[in-house]
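Biologist: Please take a close look at one pocket in this structure, describing its space and its lining. I should then like the account carried on to the salt bridges, the cysteines and one serine.

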Amino acid sequence: MSIINKNELFLLEEIVKKNFAAKYKDSVLGIFWSILKPLLIMIILTIIFSNLFGGSIENYPVYFLSGKVIFDFFTASTNVCMRSLKGNKNILKRTAAPKHIFILGGVISEFINFIITLIILIGVMIVTRAPFHPLESIISIIPIASLIILVTGLGFILAVLCVYFSDIEHLWGVITLMVMYASAIFYPMNIIPEPFHSYMILNPIFWVIDQFRILAIYGAIPSRMNMINLVLLSLIVFVLGIIIFKKYDKKLTLKF
């Protein structure tokens, strides 16, 4: 199955536009919520946790926001992908539109939002006088690219599951909540008892956040083996997602 061809680019563009319109429908501020929401949450949690963790986390606003933007992209993109086929079942039943384009459109639309939040992160770093590390920031593309590959693979799997099992939407909400608390977004890893560290590192989103912080925020190089493992895991999930989607592609319309 080809992921995308030239004839599908127009459809992909329209799906991305549609996702944006749906995300900010009936909102007065529209896309500005992509800026305001993470900023407001950052301010609130900084007030709450900066005194608690201030001694062990340097520049808490940057620490928190760097994890929050990554996790938000993960949850938003997987949620959009999960509902992409079921939510467009009337279109898919009436036309021969390629189903995978709806999933890719969900990832791309949320990635654009992610870019906006990264700009906010840079702004917060400037305001808080955090140091910039140009070379390491370029290398941070590796964990971010791994995340994109990972959520695309998960998107293919979740889209198929959602067509067959509606309860997956509720289950995925619970899973993402668990992932959030296991990703060290708003607390330092050193408060986690040592026996639980091995469970934390089973969470690939923690890997992405940790590697991104080490590179872009602290200007250091993470373990090369950890980066390789993240890339390999993302590719495995991506390939698995394509295999599952290809297997059920022609059967999905019958389930709508």
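Modeller: In this predicted model, the second largest pocket holds about 270 Å³ of space. It is lined by 13 residues, and those closest to its centre are Leu-118, Ile-122, Ser-137, Ser-140 and Phe-212. Three elements each give two or more residues to this lining: α5 (99–127), α7 (141–164) and α10 (204–217). Helix α5 supplies the largest share, namely four residues. In chemical character, the lining of this pocket comprises 11 nonpolar residues and two polar ones, with no charged residue. Rolling a probe the size of a water molecule over the atoms shows where empty space is left.

Charged side chains enter the account through the salt bridges, of which the count comes to five. One of them concerns α5, the helix with the largest share of the pocket lining. Here Lys-99 is paired with Asp-249, and their closest N and O atoms are 3.4 Å apart. This salt bridge links distant parts of the chain, since Lys-99 belongs to helix α5 and Asp-249 to helix α11 (residues 224–255), with the two positions 150 residues apart. Is Lys-99 buried or exposed? Its relative accessibility is 12%, and Lys-99 therefore counts as buried, because the cut-off for that class is under 20%.

A second group of salt bridges lies within one helix. Lys-17 and Glu-13 meet through their side chains at 3.3 Å, N to O. Both residues belong to helix α1 (residues 9–23), where they are four residues apart, about one turn of the helix. Lys-17 also forms a salt bridge with Glu-14, in which the closest N and O atoms are 3.8 Å apart. That distance qualifies because the rule accepts a nitrogen within 4 Å of a carboxyl oxygen. Lys-17 and Glu-14 are three residues apart in helix α1, so about one helical turn separates them. Glu-13, Glu-14 and Lys-17 are thus linked in a network of salt bridges. How exposed are its members? Lys-17 is partly exposed, with a relative accessible area of 44%. Glu-13 is likewise partly exposed at 41%, and Glu-14 is partly exposed at 33%.

The cysteines can be treated briefly. A search of the whole structure finds zero disulfides. Cys-81 takes part in none, and the nearest cysteine sulfur, that of Cys-162, is 11 Å away. For Cys-162, which is also in no disulfide, the nearest cysteine sulfur is that of Cys-81, at 11 Å. The pair does not qualify because a disulfide requires two cysteine sulfur atoms within 2.5 Å. With a relative accessibility of 0%, Cys-81 counts as buried. Cys-162 is buried too, and its relative accessible area is 0%.

The serine to be considered is Ser-66, which lies in helix α3 (residues 60–84). Ser-66 is buried, with a relative accessible area of 0%. Its side chain reaches the backbone oxygen of Tyr-63 at 2.8 Å. This pair counts as a polar contact because its distance meets the requirement of N or O atoms within 3.5 Å.

Technical notes. Residues are numbered from 1 along each chain as its sequence is written. This is a predicted model: local features need pLDDT of at least 70, side-chain atom pairs count only at pLDDT 80 or more; totals for chains, interfaces and linings use all residues. Side-chain values use heavy atoms; hydrogens and water are left out. On a 1 Å grid over the protein atoms alone, a cavity is a set of points where a 1.4 Å probe fits but cannot get out, and a pocket is an open set with protein on both sides within 12 Å along at least five of seven lines; lining residues have an atom within 4 Å of a point. Grid points are joined across faces, edges and corners, and a volume is the space filled by probe spheres set on the points. Ala, Val, Leu, Ile, Met, Phe, Trp, Tyr, Cys and Pro count as nonpolar, Asp, Glu, Lys and Arg as charged, and the others, Gly among them, as polar. Buried means under 20% relative accessible area, exposed over 50%, partly exposed in between (1.4 Å probe, protein chains only). A polar contact is a pair of N or O atoms within 3.5 Å; within protein, one must be able to donate a hydrogen and the other to accept it, and residues adjacent in sequence count only if both atoms are side-chain atoms.
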